Amino acid sequence: MSLATIPAERSHVNQPSGIPWYLWCSALAVTSAYVGGYWDISWHRSIGRDTFWSPPHMAIYACGVLAAITSGYLILTTTFGRNAPLREVSVRIWGLTGPLGAFILAWGGAAMLVSAPFDDWWHNAYGLDVKIISPPHMVLAAGFFGIEFGTVMLLLAFMNRAGDEARRSLQRLFLYVGGTVICESLLLKMEYIARPDMHSALFYSVVAVGTPAMLMAIGTASRHRWACAIMAAVYTAFGLAFLWILPLFPAEPKLGPVYSPVTHFIPWEFPLLVIVPALAIDLLRRRLIDWRPLAGGVVAGMVFLVTFIAVQWPFASFLMTPLARNRFFGTEYMDFSTPAQSLYARHQFYANEPQQFWPGMLLAAFISCLMMWVGVHAGRAMQKVKR
């Protein structure tokens with residue numbers, strides 16, 4: 001692979017005006033995958049598994065098709081076009097030329113499409129998944145994160161080369177895609193961040209893995225003052241929309257045993273209150289500009305974790321009360337496989353053991369600081385991406 005260099009003063013020469021259709025297409029790809037993934041989880045909680053060709057699966061794999069369209073167009077037109085506008089700001093891999101993000105998109109799309117027959121075979125061989133984390137789902141998740149990363153890199157290069165007016169439009173789309181990154185990251189962790197887990201150290205450790213790094217890296221790269229809060233708002237908006245809309249549609253189980261009666265789609269839970277620590281990080285980021293990454297990472301990591309605990313812990317207690325058992329907060333929803341005697345159905349937390357809780361919280365603090373340190377480094381490096 002070779003990376004062609006371009007003079008800094010020419011970095012904007014081949015920049016299209018406005019937002020090109022292929023950037024919208026890649027943003028639609030990540031949206032389709034997240035909507036399909038959430039919908040698929042709701043489908044399994046409400047109906048079970050009836051056929052591989054279910055609507056949620058089609059939405060998920062549409063992401064791979066859209067990524068293939070975007071990457072194929074960019075790579076082929078840049079490689080074979082005589083006056084390709086992006087040639088000077090592209091990389092060359094295996095004799096093909098195109099933006100770096102396009103090649104990452106192509107890899108992610110291929111991985112997603114390969115996971116489809118693997119997932120179908122897995123279900124036919126072993127039946128319904130009892131866990132989200134299974135081999136075919138991990139291949140699917142790797143492909144989707146490849147498409148997300150490729151979309152982020154593609155938008156980042158266009159944004160860093162753009163003039164002020166075009167940059168603002170690209171910045172908004174960039175932060176929206178960043179919000180879907182947060183969405184997908186937390187969706188993948190849902191088995192460890194359910195309501196009964198919210199007073200455990202493991203819950204805070206799992207949330208701290210990846211989330212602070214993504215917020216800090218994409219927020220720093222965007223140069224937007226309220227970037228982290230905007231991304232967290234995207235996650236919150238999606239979570240509330242699913243929580244309030246999915247139960248409006250009828251559904252009934254097609255698998256057994258049925259422990260709880262279901263007559264409509266069962267959504268996941270009320271979104272986590274990550275928007276509060278995200279806002280705190282935005283207020284802090286401007287003061288960290290001249291700090292060393294290690295010091296900035298430690299301070300930002302502690303601010304994120306302490307702020308998150310301060311709002312999520314009491315909110316979790318509220319979610320366990322009868323006041324939250326309504327359509328607004330959604331704690332009354334139980335999937336058909338939830339036994340009545342389970343802690344989830346009885347609205348109770350898992351018991352904490354003091355000898356495990358405090359070491360676990362120290363681990364969560366270490367993870368949060370480490371993730372923020374990684375995010376500071378990554379964000380500063382991302383500000384230089386132009387190809």
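Buried means under 20% relative accessible area, exposed means over 50%, and partly exposed lies in between (1.4 Å probe, protein chains only). The model is predicted, local features need pLDDT of at least 70, side-chain atom pairs count only at pLDDT 80 or more, and totals for chains, interfaces and linings use all residues. Residues are numbered from 1 along each chain as its sequence is written, and side-chain values use heavy atoms, with hydrogens and water left out.

**Exercise 1. Place Tyr350 and list its contacts.**

Step 1. Tyr350 sits in the loop between α11 and α12. Helices are DSSP runs of H or I with at least four residues, strands are runs of E with at least two, and both are numbered from the N terminus.

Step 2. Tyr350 has a relative accessible area of 42%, so Tyr350 is partly exposed.

Step 3. Contact means heavy atoms within 4.5 Å. Neighbours within four places in sequence aside, Tyr350 contacts Pro196, Asp197 and Leu343.

Step 4. Tyr350 and Asp197 are 153 residues apart along the chain, yet their C-alpha atoms are separated by 6.1 Å.

**Exercise 2. Examine two residues with positive phi.**

Step 1. Most residues other than glycine have a negative phi.

Step 2. Arg223 has a positive phi of about 65° and is not a glycine. Arg223 lies in the loop between α7 (211–222) and α8. With 45% relative accessible area, Arg223 is partly exposed.

Step 3. His347 is not a glycine either, and its phi is near 60°, a positive value. The loop between α11 (343–346) and α12 holds His347. Its relative accessible area is 12%, so His347 is buried.

**Exercise 3. Describe the packing of α6 on α12.**

Step 1. Two packed helices are described by the angle between their axes and the distance between the axes. Axes are lines fitted to C-alpha atoms, for helices over the stretch in contact, and angles run from 0 to 180 degrees between N-to-C directions.

Step 2. The axes of α6 (residues 201–208) and α12 (residues 354–382) come within 8 Å and cross at roughly 10°.

Step 3. Angles under 35 degrees count as roughly parallel, over 145 as roughly antiparallel, 65 to 115 as roughly perpendicular, and the rest as oblique. The two helices α6 and α12 are therefore roughly parallel to each other.

Step 4. From α6, Ala201, Tyr204, Ser205 and Ala208 take part; their partners in α12 include Phe357, Gly360, Met361 and Leu363. By class, this contact has 9 nonpolar, 3 polar and no charged residues. Ala, Val, Leu, Ile, Met, Phe, Trp, Tyr, Cys and Pro count as nonpolar, Asp, Glu, Lys and Arg as charged, and the others, Gly among them, as polar.

**Exercise 4. Characterise the largest cavity.**

Step 1. On a 1 Å grid over the protein atoms alone, a cavity is a set of points where a 1.4 Å probe fits but cannot get out; lining residues have an atom within 4 Å of a point.

Step 2. The whole structure has 2 cavities of 30 Å³ or more. The largest holds about 150 Å³; a volume is the space filled by probe spheres set on the points, and grid points are joined across faces, edges and corners.

Step 3. The largest cavity is lined by 13 residues, and Tyr38, Tyr235, Trp268, Glu269 and Pro271 are the closest to its centre. Elements giving two or more lining residues are α1 (21–46), α5 (164–188) and α8 (227–245). The most come from α5, with 3 residues.

Step 4. By class, the lining has 11 nonpolar, 1 polar and 1 charged residues.

Methods:
1 Å grid on protein atoms, 1.4 Å probe; cavity = no way out; pocket = protein on both sides within 12 Å on 5 of 7 lines; lining within 4 Å.
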